[in-house]
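Reader: Hey, got a minute to walk me through this one? I'd like to start with the sheets and then move on to the chain contacts.
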Amino acid sequence: MKFTLSWLKDHLDTSATVDEISAKLTAAGLEVENVENPGAGLEDFIVAHIAEAKQHPNADRLRLCTVETGTETLQVVCGAPNARAGLKVVLARPGVTIPATGDVLKKGSIRGVESQGMLCSLGELKLPGNSDGIIELPTDAPVGVPVTQVLALDPVIEINLTPNRVDALGVRGIARDLAAAGLGKLKPMKDAAVPGTFDSPRKIKMRLSGDAKLCPQFVGRAIRGVKNAESPTWLKDRLTAVGLRPVSAIVDITQYLTIDLGRPLHAFDDAKLTGDVGPRLAVPGETVAALNGKTYALDPTMVVIADDGAALGIGGIMGGEPSSVTEGTASVFLESALFAPLTIAATGRKLMINSDARYAFERGVDPQSAVPGAEIATRMILELCGGEASHLVFGGEAPDTTRTIAFNPARVKSLGGVALPAGDIKSILERLGFAVAGSGDAWQVTPPSWRADVEGWQDLVEEVLRIHGYDNIPPVPLPRAPMPKVALSPQQRMLAFTRRSLAMRGLNETTTWSFLPGKQADLFRGDLPQVSLANPISADLDVLRPSLIPNLAAAAGRNAARGMADCALFEMGPRFEGTKPGQQVMIAATLRSGSTSARHWAGTRRLVDALDAKADALAALEAAGAAISGLQAAAGPAGGTPGWYHPGRSGVLKLGNQVLAAFGELHPGVLTALDVKGPMVACEVFLERIPQPKKKAGTARPLLKASPFQPVERDFAFVVDSGVTAESLLRAVRGAERDLISDVGLFDVYEGPHLGEGKKSLAVAVTLQPKDATLTDEQIEGVSKKIVAAVEKACGGRLRA
Amino acid sequence: MTDNIDQLRAELLAAVTGASDAPALEEVRVTALGKKGRITGLMKDLGAMAPEQRKAFGQQLNVLKDEIAAALDVRKRHFDSAALDARLASESMDVTLPVRPEARGTLHPISQTMDEVAAIFGQMGFEVADGPDIEDDFHNFTALNFPPGHPAREMHDTFFLPQAEDGQRYLLRTHTSPVQIRTMMTQKPPIRVIIPGRTYRCDYDMTHTPMFHQVELLVIDTETNMSHLRGCLQEFVRTYFGVDDLTTRFRPSFFPFTEPSAEMDIGCSRKNGELKIGNYGDWLEILGCGMVHPNVLKACGLDPEVYQGFAAGMGIERIAMLKYGIPDLRTFFESDLRWLRHYGFAALDIPSVTGGLTR
């Protein structure tokens, strides 16, 4: 919403400056977005008079002017063709800054003649208009005064209107708020009825029948004998200042009143109408050639304004070209109607038309404004275009929106936090146009017709606070218990701990989109349904992610393209398993690419492998509270590993039948499809599947039972078939004598020709921890035998010779 | 006898002093104190002596033995120390070598900022709540007093899912506010929650990304009013930005789900194109807030004549950008390693109001 200061002053009697007005508007909730003040920086330019202008002795194109300021007489060299004696001009004296260049003007000599100032053009003052020569001020301009008092410098104020404040869509409403806030006095409205001199030959025909509420009121009037010429300068200037294009006087008047009062109107060329006029629903297939040059196909949910022949315009949104006024228009038919917000919003959205009328009607134009709007428009037309007006013709009637809100003024304190005397509260409401009755804690407040947004007493509190000033709300700390409680749930603490644990492992946390290209999603979907968006932002962000891995892989790929092939990324966030609320699960995913480190003198660099991903998975699981020792690993697709992993270098970690995590090298085919280079290893941990410990009775940990007896370590090397997994062997060893075996470590894996085809050697270090007495050789021997027997039974392994 | 002992002492001490290295010294020790050593030999002879003589001679021998042992010890320590010096002289490494590589992980600024926000509001008695990214129309709009067809809905640029078989048109939540509804429908007042999370709007340019993060505040009880709202938020911004006397400005605004509604600005400076938070006379909009709208309370089964409270919401990325001087919103989602390492936070940098919010 844009308006100019002089326009505002048509409605508001105030001496406030633009800055004061801006501050007050923002404070009252009409946030000022921008102020263009063309007079800013022109305070030191003064009106001067050219007493004499003669040829410069050394230059054909320059004039030597004797300029009078009332207090001094200066000699100024000027190159403008229109510099001549008798002219009132804008003078810049040495020391002032020229807006167009930003330079400070200096006394100088031009072609050997001293120049004691400069006569300015509009362009040099950064003002709009013709800059071919210097400014020619009115001949009656007083010499010596600042030019800001003489030039029509009208500051333009732009406010960012919140959608509830349709009343402030008009300059009048803005003036009303400022007056209520104490920044002047609201001038009376000139909306007296214009007496008609004849009966309108055209009547209003309301053809909506059952849908009458879509356009409850339609007021019209014929005005004949008009001359639709160019608008006067003041009107054109105002429209131009707020970004509108002047067309012709009648069109400009309707444009003007939309801004002035927030009251959209329409004028038809009466000669182009047939029979009666009024609203009806569009018929299927009907089209309207609108004023914006486009033709719209309408459907029967839309309201059109029609005569007896055809649809003339899209009701409340845009008029039609064939019935529009032109310079030749001699009589007009004026429309001032009211439309239901929802139908305007729906129609505007469907047709994708943004007009000032739509904006106003879909937010709710003052339902009582149709008649005064018609009268004010009529008066302007008669003033600017001549002619005579008919009596008003009516269709339907303004809906009665009168309502009374029960209001206890103490609510201003109890909800708004501001202690304000009842008298002040009443006065603010009345200045805004509310009627206040009742007393004590039982007021009855009637909002004015233009405030459809005010529904309950809470709205009244806001009105009072707004005008009193939100900055007068005293900040009071939120009362609280002396000792805060824990803000996070156990689940949230688990997530936070897991996140920081992964970062401790050298992984960089990232945040990627919840969306990804559908093609990539398909590679990582498994059995999950595709969750696509109906209106994606772009074709490659069209599906909600079924896995976090593809986005991480793409991120690693982008980093590799920047020369950083070694990535260690993680993300914790949702994967989507369905289209409904709640069909999402929290995943911790890691992805490593390239090598474990940069090249290094110590030679510790190697390519990442599936066990790096397994380590990440185990770390996340442990941080998230899983009992690691109870997990089983299962390898490859046979073990239930998803298909986007390398079938021979991947696995899952399970608790019973529940898969808690999957890990491994990403499938080379998948990497190719993602257009990234491998190897990449990744893991996905299903954090919500991890059983969380039951709430403990206390914080005490089980007592530490540290044995006083020396542990004994024995090494065993077993030869087993190549297919035997390390985990099965380790499990067999651990299970051989649970009471004594405290730890089993795998310290060597070896395959070689002398072991035989299809064989490998696994060497373990077994720690025996006695609890009651030092182990005897016989006991150690006994355990050793049990271990060998257990491995033989479980894995078919034999002790390596 | 005494002369013999004195002579022996002189000989042995000379031998100790004369030993050139540790093996030679060991030889001297064997010669003197070994099983067949000279002192040992004399000791053995004691048995054959008369008692008085034995006593006197034995005492002298013991003194000699101790004396020689001490001399051997001193000499041995000299050799040990010399040997260690020699070893150390031969053992050296270039300690200016770079250490073996260790990867340093980081937390994303969004996570860190959420933790900071939770730390501050946790101090004021708030708990953290969360809700789903996919929402229904009721929780995202209707219950929040966006009437069907209202233009305010359009301002949200909503991502929709295709119409579901149950006839619903599910959507990606456009704000964290639906969790207000979920909280009020499942918890009895008094309520104090903050709701951080992912949010989505169909908008992508310099200052908008289709996914971003918000944190929502909700307080419901019977007393909390706009003074508390302002006080609570003022405490927050002062603590979060670490400016103890940071000025705030409250302006009227409009949100369908609050009444009265406000926007809060904080003091700043934009001098020379550089944004600084502080009391420099200029203002920066930071968040939207207001008293929970009676229609919202009603939608959640709470009587607006009894219960009241406030809600507020702000952008996580926005406050992170302001605090940490991150210039471009879009970079939050690019996973550029250089960015993650530069703007990321150390794993152990856990924000706490009492332990320090910002390192």
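Author: Sure. One definition before we start: two strands pair if DSSP finds at least two bridges between them. Also keep in mind that this is a predicted model.

Reader: OK, so which residue stands opposite Ala92(A)?
Author: That's Met118(A), in strand 10 of chain A. Strand 10 pairs with strand 7 of chain A, residues 88–92, in the antiparallel sense over 2 bridges.

Reader: And what's the strand order in the sheet of 5 strands?
Author: In chain A the order is 6-5-4-7-10, in an open sheet with antiparallel pairing.

Reader: Why is one side of strand 6 and of strand 10 left without a neighbour?
Author: Strand 6 (73–78) and strand 10 (118–119) of chain A stand at the edges and have a single partner strand each, so one side of each has no neighbour in the sheet.

Reader: What about the sheet of 7 strands, how is that ordered?
Author: That one is open too, with mixed pairing, and runs 26-29-30-34-33-32-31 in chain A. Its edges are strand 26 (508–509) and strand 31 (632–635) of chain A; each has a single partner strand, so one side of each lacks a neighbour in the sheet.

Reader: How many bridges join strand 31 to strand 32?
Author: There are 4, and the two strands of chain A run antiparallel, with strand 32 covering residues 645–655. As one pair, Gln632(A) has Lys654(A) in strand 32 as its bridge partner.

Reader: Switching topic: how many residues of chain B are in contact with chain A?
Author: 71 residues of chain B, and they touch 82 residues of chain A. Helix 9 of chain B gives the largest share of chain B's side, 8 residues. By class, that side has 38 nonpolar, 17 polar and 16 charged residues.

Reader: Staying in chain B, is helix 8 mostly covered or mostly uncovered?
Author: Mostly covered: 7 of the 9 residues in helix 8 (178–186) of chain B are buried. Among them are Pro178(B), Ile181(B) and Arg182(B).

Reader: What do those buried residues pack against?
Author: Several elements of chain B, including strand 4 (191–200), strand 5 (211–221) and helix 10 (294–299).

Reader: Last one, back to chain A: which domains is it divided into?
Author: Domain 1 (2–38 + 155–186), domain 2 (46–149), domain 3 (209–396), domain 4 (405–468), domain 5 (490–689) and domain 6 (712–799). Taken over C-alpha atoms, the centres of domain 2 and domain 6 of chain A are separated by 105 Å.

Definitions and conventions:
Residues numbered from 1 in each chain as written. Chains lettered and ligands numbered in written order. Predicted model: local features only at pLDDT ≥ 70, side-chain atom pairs only at ≥ 80, totals over all residues. Contact = placed C-beta atoms within 7 Å. Nonpolar A, V, L, I, M, F, W, Y, C, P; charged D, E, K, R; others polar. Buried ≥ 20, exposed ≤ 12 C-beta atoms within 10 Å, placed from the backbone. Domains from an automatic or database assignment.
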